[in-house]
Amino acid sequence: MQKMLHINADKCTGCLQCEMACAFENYGTFATAKSRIKVFNFHETGKKVPYTCTQCDEAWCLHACPVEAITVDKATGAKVVNEATCVGCKVCTIACPFGTINYVETTGKVQKCDLCGGDPACATACPTSAITYVDANWTGIGKMEQWANKLGNQPAAA
Amino acid sequence: MAWAGKILRVNLTAGTVKSEPLNMEWARSYIGSRGLGTKYFVEEVDAKVDPLSVDNKLIWSTGPLTGTMASTGGRYTVITKGPLTGAIACSNSGGYWGAEFKMAGWDMVIMEGKSAKPVYLYVNDDVAELRDASHIWGKSVWETENILKTSLQDPLTRVSSIGKAGENGVLFAAVVNDMHRAAGRSGVGAVMGSKNLKAIAVRGTKGVGNLHNPKAFMAAVNEKKKILAENGVTGTGLPAMGTQVLMSVINEVGALPTRNHRDNQFEGAKDIGAEAMATPRKTDGKKHLVTNQACFGCTIACGRISKMDENHFTIVNKPQYRGANGGLEYEAAWSLGAANGVNDLEALQYANLLCNEEGIDPISFGATVGAVMELYDMGVLTKEQVGIEAKFGSAQALAFLAEETVNGRGFGKEIGQGSKRLTAKYGHPELSMSSKGQEFPAYDGRAIQGIGLAYATSNRGGCHLRGYTIASEVLGIPVKTDPLEHEGKPELVKAFQDATAAFDSSGLCIFTTFAWGLADLAPQMQGACGDQYTTEELEKIGERIWNMEREFNNRAGFTAKDDSLPKRLLTEACKTGPAKGKVNMLADMLPKYYAARGWDKEGKPTADTRKRLGL
């Protein structure tokens with residue numbers, strides 16, 4: 001079963017535990033600036049929205065890479081950057097429609113979410129379950145249940 | 001070791017910015033944030049200094065746990081000698097600024113001297129420089145943040161700044177970051193303004209690492225986060241209702257100071273508390289409360305984000321107040337509401353937004369308006385003097401006086417001096433509900449005996465955050481004590497004060513102590529900083545910090561007679577509720593408190609106490 005990160009922005013409080021967990025997992029330091037997941041705080045509406053790579057099947061970044069530094073992790077389906085191969089040309093950052101692959105000045109390579117090999121630190125750290133790691137085929141199941149409850153789980157009409 | 005190991009020293013007179021190694025000996029003995037920043041301050045500044053003079057200094061200080069994954073690890077403290085009180089001032093703020101500054105690789109910044117022209121400090125990792133602030137001088141906190149983020153072309157910049165109130169020398173001006181988080185009390189913003197310093201804009205990409213034992217740290221952090229999540233207050237009450245959950249609770253125990261402490265219960269409490277914020281308004285059918293909001297690293301998320309009624313009289317033709325914005329928290333809802341007898345929730349939020357926008361402390365502002373309304377009620381102040389009919393309960397007067405105060409106009413200039421100076425000017429100093437010149441927060445010291453003693457002995461003047469005995473006396477945390485009973489409170493107050501000083505110095509938020517004690521802080525400190533930070537050591541450090549602050553105040557000229565409460569709390573009994581007939585028993589508690597502290601009759605730490613604490 002393929003799993004994916006599922007984001008429910010309504011539950012996000014903006015605490016940035018996910019950003020710290022991501023940086024700590026990958027760099028051993030608490031640096032939100034190095035995180036591969038970002039939380040956006042929309043002040044006018046009060047909404048906080050985490051955003052990261054959705055691991056496209058036909059990944060723009062992977063196809064754009066001239067040196068084939070981005071490959072598929074067969075276990076998780078994640079598109080993974082091989083730092084030893086990456087030349088830092090940044091073409092993938094232009095190709096990605098979502099902005100979720102980015103250049104890292106200190107390494108001279110690009111970075112993106114790799115699902116932490118199947119145990120994403122961001123999802124583990126999230127205190128409100130705004131970020132979960134779930135069956136990729138059933139990301140809609142929570143909403144389906146809500147509507148099923150609203151429409152069907154009621155006393156029968158007399 | 002979790003400390004960045006470097007501090008910035010900025011001389012505003014000379015225009016220089018220098019990097020210095022952190023004094024690790026002091027860091028080990030005073031931890032960080034409140035304790036360590038205060039240690040630097042008391043070592044470098046003469047206690048007799050005029051707070052608004054060039055010789056006062058102003059320190060932004062983070063803790064070793066600031067910018068880590070320890071829950072609530074995003075806090076910083078602003079330390080100076082306070083212009084409102086003349087005592088040590090030490091105001092703590094959340095939001096994101098503190099963590100960003102720490103992640104830039106700095107533990108603190110010390111501001112010295114006074115700039116000839118308005119400047120701001122720009123910090124981007126190792127780059128730190130003073131820049132011209134003429135384009136943002138005269139702007140609000142909100143405008144300042146937006147202008148700096150736009151002109152620096154970096155939306156990820158975090159800003160700690162003052163609004164017009166700090167520039168104008170309002171004695172309870174705040175330093176505000178992230179639009180609506182504030183180092184709120186004692187007038188730290190006025191000191192910033194007096195130095196022609198507008199803001200500190202920070203971008204930090206280095207992060208916080210170098211932990212003593214990363215594995216042990218993460219294990220402790222995860223275990224302690226679980227405790228917060230499972231606790232009724234930190235896991236359920238605060239995220240759902242915020243600090244506003246207290247409004248009805250405190251009113252029921254008869255400890256909600258009302259109309260400048262004339263009364264101790266407010267008939268309008270239900271209109272301004274958590275339930276009112278979550279109930280659809282009659283006017284437009286929408287709820288005031290939009291959502292909750294966490295500060296950096298916080299797994300509690302008590303912050304409130306609200307939207308006002310667009311047709312409310314206060315914001316007609318003022319679209320800047322229509323979006324989602326910070327508030328109301330309990331203290332502000334009380335000070336702007338019950339303290340003045342105002343039960344119009346929308347008007348309270350409007351005044352609260354002005355406090356955030358231009359940077360003033362809503363507690364001191366609201367409480368000072370309460371004193372003005374009492375003087376008006378007595379006929380001492382007139383409509384001509386105040387500029388409006390300042391009757392208790394008038395939402396119009398509250399909104400008007402908030403505008404006048406933040407903009408430095410008319411009678412607002414007098415309110416900006418705080419209640420102590422204002423009531424003295426009009427011949428009624430007894431009507432200032434304050435200790436050491438700082439106004440009390442939202443708990444009546446007659447109905448809750450321990451908090452009265454905590455107010456009287458607080459090192460920064462009237463304050464609930466130096467020793468929040470409400471936790472024990474009302475909420476039963478960690479053990480329930482009788483709020484009406486004064487026996488045993490001196491020891492309780494001391495224990496809360498010392499533990500709070502340790503938490504404040506770590507970089508974590510004091511709200512964790514609804515679920516945690518020092519025994520929960522210890523393993524996180526040990527993982528981050530070193531094995532010596534046992535529960536007992538943290539307790540001792542907290543007591544050391546408390547005594548250090550006390551000795552600064554003693555050198556500044558404070559004596560035992562300043563550990564006082566207004567006559568009203570000592571002689572005018574509570575009129576209603578469970579505390580009916582009660583006054584605060586300070587005269588009985590204070591000598592016992594001094595004894596528990598190891599102080600002499602003048603309130604000075606004895607030689608034995610100084611030696612025991614390594615002072």
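**Entry 1: between the chains**

I looked first for salt bridges between chain B and chain A, and the count is zero, a salt bridge being a side-chain nitrogen of Lys or Arg within 4 Å of a carboxyl oxygen of Asp or Glu. I note that this is a predicted model, in which local features need pLDDT of at least 70 and side-chain atom pairs count only at pLDDT 80 or more, while totals for chains, interfaces and linings use all residues. Residues are numbered from 1 along each chain as its sequence is written, chains are lettered from A and ligands numbered from 1 in the order in which they are written, and side-chain values use heavy atoms, with hydrogens and water left out.

I then turned to polar contacts and found eleven residue pairs between chain B and chain A, both residues at pLDDT 80 or more. A polar contact is a pair of N or O atoms within 3.5 Å; within protein, one must be able to donate a hydrogen and the other to accept it, and residues adjacent in sequence count only if both atoms are side-chain atoms.

On the side of chain B that touches chain A, I find that helix H7 (214–230) and strand S13 (289–293) are the elements giving two or more residues; helices (H or I, at least four residues) and strands (E, at least two) are DSSP runs, numbered from the N terminus. That side of chain B divides into 18 nonpolar, 15 polar and five charged residues, where Ala, Val, Leu, Ile, Met, Phe, Trp, Tyr, Cys and Pro count as nonpolar, Asp, Glu, Lys and Arg as charged, and the others, Gly among them, as polar.

**Entry 2: chain A**

I counted five helices and eight strands in chain A, and its C-alpha atoms fill a box of roughly 70 × 30 × 25 Å, taken along the principal axes.

**Entry 3: H22 and H23 of chain B**

I looked up how helix H22 (residues 518–529) and helix H23 (residues 535–556) of chain B pack, and found an angle of about 105° with the axes 8 Å apart; axes are lines fitted to C-alpha atoms, for helices over the stretch in contact, and angles run from 0 to 180 degrees between N-to-C directions. This makes H22(B) roughly perpendicular to H23(B), the term covering 65 to 115 degrees, with angles under 35 roughly parallel, over 145 roughly antiparallel and the rest oblique.

In this contact (heavy atoms within 4.5 Å), H22(B) brings residues including Leu518(B) and Met525(B), and H23(B) brings Thr535(B), Leu538(B) and Glu539(B). I recorded six nonpolar residues, one polar and one charged in the contact of H22(B) with H23(B).
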